[in-house]
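Visitor: Can you walk me through this one? I'd like to start with what sits in the middle.

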Amino acid sequence: MKRTAKTLLVGTVGAACLFLASTTTANASTTVKVNKNDTVWALSQKYGVSIQAIETLNHVNQNSHLILQNQSLQIPDKAAKNTANTSKTTATSSVSVKAGDSLWAIAKEYNISVDTLRSLNGIATDETLIQPGQTLKVTGTPKTTTTTSNTTTQAANTNSTAATQSSTTTASKVTVSTNHVTYTVKSGDTLYTIAQAYGVTVASLRAANTLGSTLVLGQTLTINDPTKTPATTSSAASSTSTVASSSSTASTTTGTSSTNNTTSSSAVSSSSQATQSSTAATSSSSAATSSSTSTTTSSVSASSIVSYAEQLATMGIPYVSGGTSLSGFDCSGFTQYVYAHFGISIPRTSEAQSAIGTYESVSAAQPGDLLFWGGRGSAWHVGIYVGGTSYVAAPTTGETVSLKSFQYFQPSFAVHVN
């Protein structure tokens with residue numbers, strides 16, 4: 001009996017130990033050392049477990065996902081993986097990618113990390129491109145602020161429309177002086193070039209005409225109190241040249257008939273001087289025309305502003321602190337230069353530029369608008385929005401004016417320059 005009882009006791013203890021060993025193995029974790037460039041997402045893919053499971057087990061911040069080289073991490077077993085996956089699957093929903101969306105924006109909207117979004121959709125760490133219409137899996141629900149933001153945006157748009165209508169009504173009360181002329185818009189004209197040609201300001205042109213956002217071919221403009229008359233000036237120069245040539249010919253003839261060599265020489269000299277003056281005047285006129293042509297676009301429109309900004313981005317213009325010319329720009333010097341090219345005057349600094357125009361959320365920005373980083377009236381960086389997640393800017397020391405993406409450098413707000 002004693003031997004039998006002892007055998008049973010040993011057998012029972014052995015079975016218990018075997019059961020405990022089995023339980024330990026089932027819940028065992030693998031210890032790994034973090035290598036250079038390792039991420040939580042990469043380790044989750046390598047070991048077939050969820051990001052959440054690794055971060056929970058190792059007390060990793062689930063917002064920053066920060067792990068350090070040579071850090072030891074516990075990789076949970078399959079049971080933890082299955083539990084985490086089951087939990088995650090039950091809370092998963094789908095979202096359709098819209099134009100302008102990015103992984104960062106979608107992750108922020110659903111209050112999850114970019115790594116979690118990548119893990120849910122099998123997107124590699126070095127892959128950033130998503131396409132409109134693409135369906136992505138997400139967890140949780142979008143922030144309620146999205147609805148509020150949309151409502152605010154719609155209200156802002158309604159107010160903007162009302163303001164535009166009010167502005168149009170006010171603009172219809174134009175000012176026309178007694179001394180005025182009319183001008184018909186031609187291809188290549190802008191308010192700036194027309195103002196320069198007649199010696200008036202762009203503001204004067206706006207005050208004398210009901211103007212939309214662009215000029216229209218064949219449109220008739222009223223020009224108040226012009227100080228220049230291009231057509232008359234050109235005709236006068238031509239008449240002066242003709243009179244000078246006629247006088248020269250008459251003088252030469254008189255000199256020849258009277259055989260007065262001294263008078264003839266003087267006449268020829270005067271003719272030469274008149275010809276040189278005429279040539280110089282023609283050269284100046286050509287230079288002015290060339291200069292005017294080089295600084296005009298088909299119209300002052302958003303597409304023109306974007307096109308010109310992108311053109312400058314291909315020229316390798318360096319960033320220069322305080323720069324305001326093609327020799328070098330800082331961020332606000334660049335935006336001021338682009339707008340001035342179309343006769344639109346904006347302040348010199350990003351702080352001052354951020355306080356003008358109509359405030360817009362980044363999601364409501366239109367190509368040609370200004371994008372700002374920082375506060376309204378205290379922004380520290382500015383660029384020109386070109387669509388999607390792209391903008392053109394003079395970024396920082398050591399770089400050139402270039403096309404940038406704000407996918408990982410989200411602007412604070414946008415401004416539409418009125």
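Guide: Sure, one term first: a nonpolar core is a set of buried Ala, Val, Leu, Ile, Met, Phe, Trp, Tyr and Cys residues joined through side-chain atoms within 4.5 Å. Buried means under 20% relative accessible area, exposed over 50%, and partly exposed in between, with a 1.4 Å probe and protein chains only. Keep in mind that this is a predicted model, where local features need pLDDT of at least 70, side-chain atom pairs count only at pLDDT 80 or more, and totals for chains, interfaces and linings use all residues. Residues are numbered from 1 along each chain as its sequence is written, and side-chain values use heavy atoms, with hydrogens and water left out.

Visitor: Okay, so which residues touch the most other members of the largest nonpolar core?

Guide: Phe334, Tyr339, Leu370, Ile384 and Val401, out of 28 residues in that core. Two or more residues each come from helix 12 (302-312), helix 13 (331-340), strand 10 (370-373), strand 11 (381-387) and strand 14 (413-416). Helix 12 gives the most, with five residues. Helices here are DSSP runs of H or I with at least four residues, strands are runs of E with at least two, and both are numbered from the N terminus.

Visitor: What does Phe334 touch?

Guide: Setting aside residues up to four places away in sequence, Phe334 touches Ala309, Leu312, Phe329, Ile384, Val392, Ala393, Ala394 and Val401. Contact means heavy atoms within 4.5 Å.

Visitor: Switching to the sheet. In what order do the six strands come?

Guide: The order is 9-14-10-11-12-13, in an open sheet with antiparallel pairing. Strand 9 (358-360) and strand 13 (402-405) are the edges, each pairing on one side only. Two strands count as paired if DSSP finds at least two bridges between them. On average, neighbouring strands of this sheet are turned by 40° against each other, direction ignored.

Visitor: How many bridges join strand 12 to strand 13?

Guide: Four, and strand 12 (residues 390-393) runs antiparallel to strand 13. One pair to look up is Ala393 with its bridge partner Ser402 in strand 13.

Visitor: And which strands do helix 12 and helix 13 lie across?

Guide: Helix 12 lies across strand 11 and strand 12, at about 115° to strand 11. Helix 13 lies across strand 10, strand 11 and strand 12, and runs at about 50° to strand 11. Those axes are lines fitted to C-alpha atoms, for helices over the stretch in contact, and the angles run from 0 to 180 degrees between N-to-C directions.

Visitor: There's a His in strand 11. Is His381 buried or exposed?

Guide: His381, which lies in strand 11, counts as buried because its relative accessibility is 6%. Leaving aside neighbours within four places in sequence, its contacts include Cys331, Ser350, Trp373, Tyr391 and Phe409.

Visitor: What about Glu351, what does that touch?

Guide: Glu351 touches Gly377, Ser378 and Ala379, again not counting residues up to four places away in sequence. The C-alpha atoms of Glu351 and Ala379 are separated by 4.8 Å, with the two residues 28 apart along the chain. Glu351 lies in helix 14 (residues 350-353) and is partly exposed, with a relative accessible area of 38%.

Visitor: Let's go to the other end. Which residues of helix 2 are buried?

Guide: In helix 2 (residues 40-47), they are Val40, Trp41, Leu43 and Ser44. They cover an arc of only 165° around the axis, so they sit on the same side of helix 2. The arc is that of the directions from the helix axis to the C-beta atoms.

Visitor: What do they pack against?

Guide: The buried residues of helix 2 pack against helix 3 (51-58), strand 2 (72-75) and helix 6 (114-121). Right after helix 2 comes Gly48, with a positive phi near 70°.

Visitor: Which residues other than glycine have a positive phi?

Guide: Among them are His59, with phi near 55°, and Asn111, at about 60°. His59 is in the loop between helix 3 and strand 2, and counts as exposed at 73% relative accessibility. Asn111 is in the loop between helix 5 (103-109) and helix 6, and is exposed too, at 64%.

Visitor: Last one: how many helices and strands are there in the protein?

Guide: There are 14 helices and 14 strands. Of the 418 residues, 31% count as buried.
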